[in-house]
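Colleague: I would like to learn how to read a helical model step by step, taking the general idea before the particular case. Could we go through this one together?

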Amino acid sequence: MALAGVAFVGYGLVFLVLALIGSGFELGVHMLDGLTRAELAGTNPEAVYYITHLHVALAGFIIATGVAVAALAWYGVRTGQLWALVTAVTAAVVALALALPMHYLGGFAHNWVTHLAPIYLATLVFVVGAVLAFRAMTPKAA
């Protein structure tokens with residue numbers, strides 16, 4: 001779980017860097033409605049600034065969630081604190097449950113592998129860690 005939290009932080013940092021200096025809109029999204037970021041900036045710089053503002057804020061929340069998950073896992077789950085496990089799982093589930101469904105509504109084109117695969121991989125690691133931690137915390141039937 002802590003490793004997945006660190007991966008969430010890494011994903012958020014990549015998201016942040018690309019928002020500030022990338023040529024596309026975000027990881028795996030190079031065009032919106034046939035326009036590159038530079039082309040949109042040429043016609044509507046305020047819209048590009050607003051998109052960047054949202055991506056910087058989102059990166060902050062991704063990084064913050066990763067820090068929280070990693071810290072809860074490292075300092076709470078590792079010591080057998082069920083509340084830490086429940087809190088870490090809740091934070092990750094809420095973030096992913098709100099963020100992921102929009103990607104399947106067809107509102108914009110994105111490269112599935114570069115846009116979503118990293119977070120799905122981190123989520124898989126997280127789920128494995130959460131299951132192993134929960135099993136270790138659950139009393140064994142005699």
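Modeller: Let us begin with what is being numbered: helices are DSSP runs of H or I with at least four residues, strands are runs of E with at least two, and both are numbered from the N terminus. Read in that way, the chain follows the pattern α-α-α-α-α-α, with six helices and zero strands. Please keep in mind throughout that this is a predicted model.

Colleague: What does the C-alpha trace span along its principal axes, and what percentage of the 142 residues counts as buried?

Modeller: The C-alpha trace spans about 70 × 25 × 20 Å along those axes, and 35% of the 142 residues count as buried. As for the contacts between residues at least 6 apart in sequence, 66% of them join residues at least 24 apart.

Colleague: How should I read the packing of two helices, and at what angle do α1 and α6 pack?

Modeller: One reads the angle together with the separation of the axes, and for α1 and α6 the angle is about 165° while the axes are 8 Å apart. Because an angle over 145 degrees counts as roughly antiparallel, α1 is roughly antiparallel to α6. The crossing of α1 past α6 is left-handed. On the α1 side the contact is made by L3, A4, A7, F8 and Y11, and on the α6 side by P118, I119, A122, T123, V125 and F126. Sorted by class, this contact has 10 nonpolar residues, one polar residue and no charged residues.

Colleague: Which residues does Y11 touch, and is Y11 buried or exposed?

Modeller: Y11, which lies in helix α1, has a relative accessible area of 11% and is therefore buried. Leaving aside residues up to four places away in sequence, Y11 touches L27, I62, H115, P118 and I119. Y11 can also be related to A122, since the two are 111 residues apart in sequence and 9.0 Å apart in space, C-alpha to C-alpha.

Colleague: How do α1 and α3 pack?

Modeller: Helix α3 covers residues 45-77, and its axis is 7 Å from that of α1, at an angle of about 165°. The two helices are therefore roughly antiparallel to each other, and α1 passes α3 in a left-handed crossing. By class, their contact has 20 nonpolar, five polar and no charged residues.

Colleague: Where is A47 found, and how many Å separate the C-alpha atoms of A47 and V6?

Modeller: A47 is found in helix α3, and at 24% relative accessibility A47 counts as partly exposed. Its C-alpha atom is separated by 32 Å from that of V6, although the two residues are 41 apart along the chain.

Colleague: At what angle do the axes of α4 and α6 cross?

Modeller: The axes of α4, residues 82-99, and α6, residues 117-137, cross at roughly 155° and come within 11 Å. That makes α4 roughly antiparallel to α6, and the crossing is left-handed. In this contact L82, L85, A88, V89, A92 and L96 of α4 meet I119, T123, F126, A130, A133, F134 and M137 of α6. By class there are 12 nonpolar residues, one polar residue and no charged residues.

Colleague: What does T123 touch, and is T123 buried or exposed?

Modeller: T123 has its place in helix α6 and is buried, with a relative accessible area of 15%. Not counting residues up to four places away in sequence, T123 touches F8 and L96.

Colleague: By what is a pair of aromatic rings described?

Modeller: Such a pair is described by the distance of the centres and the angle of the planes. Counting centres that lie within 6.5 Å, one finds three aromatic pairs here. In one of them, the rings of F8 and F126 have centres 6.3 Å apart and planes at 40°, so the pair is tilted. This pair links distant parts of the chain, F8 being in helix α1 and F126 in helix α6, 118 residues apart. Both F8 and F126 are buried.

Colleague: Is the pair of W112 and Y120 stacked or tilted?

Modeller: The rings of W112 and Y120 have centres 5.9 Å apart and planes at 25°, so that pair is stacked. W112 counts as partly exposed at 43% relative accessibility, and Y120 is partly exposed with a relative accessible area of 27%.

Note on methods:
Residues are numbered from 1 along each chain as its sequence is written. This is a predicted model: local features need pLDDT of at least 70, side-chain atom pairs count only at pLDDT 80 or more; totals for chains, interfaces and linings use all residues. Side-chain values use heavy atoms; hydrogens and water are left out. Axes are lines fitted to C-alpha atoms, for helices over the stretch in contact, and angles run from 0 to 180 degrees between N-to-C directions. Angles under 35 degrees count as roughly parallel, over 145 as roughly antiparallel, 65 to 115 as roughly perpendicular and the rest as oblique. A crossing is left-handed if the near helix is turned anticlockwise from the far one by less than a right angle, and right-handed if clockwise. Contact means heavy atoms within 4.5 Å. Ala, Val, Leu, Ile, Met, Phe, Trp, Tyr, Cys and Pro count as nonpolar, Asp, Glu, Lys and Arg as charged, and the others, Gly among them, as polar. Rings of Phe, Tyr and Trp (its six-membered ring) pair if their centres lie within 6.5 Å; planes under 30 degrees apart count as stacked, over 60 as edge-to-face and the rest as tilted. Buried means under 20% relative accessible area, exposed over 50%, partly exposed in between (1.4 Å probe, protein chains only).
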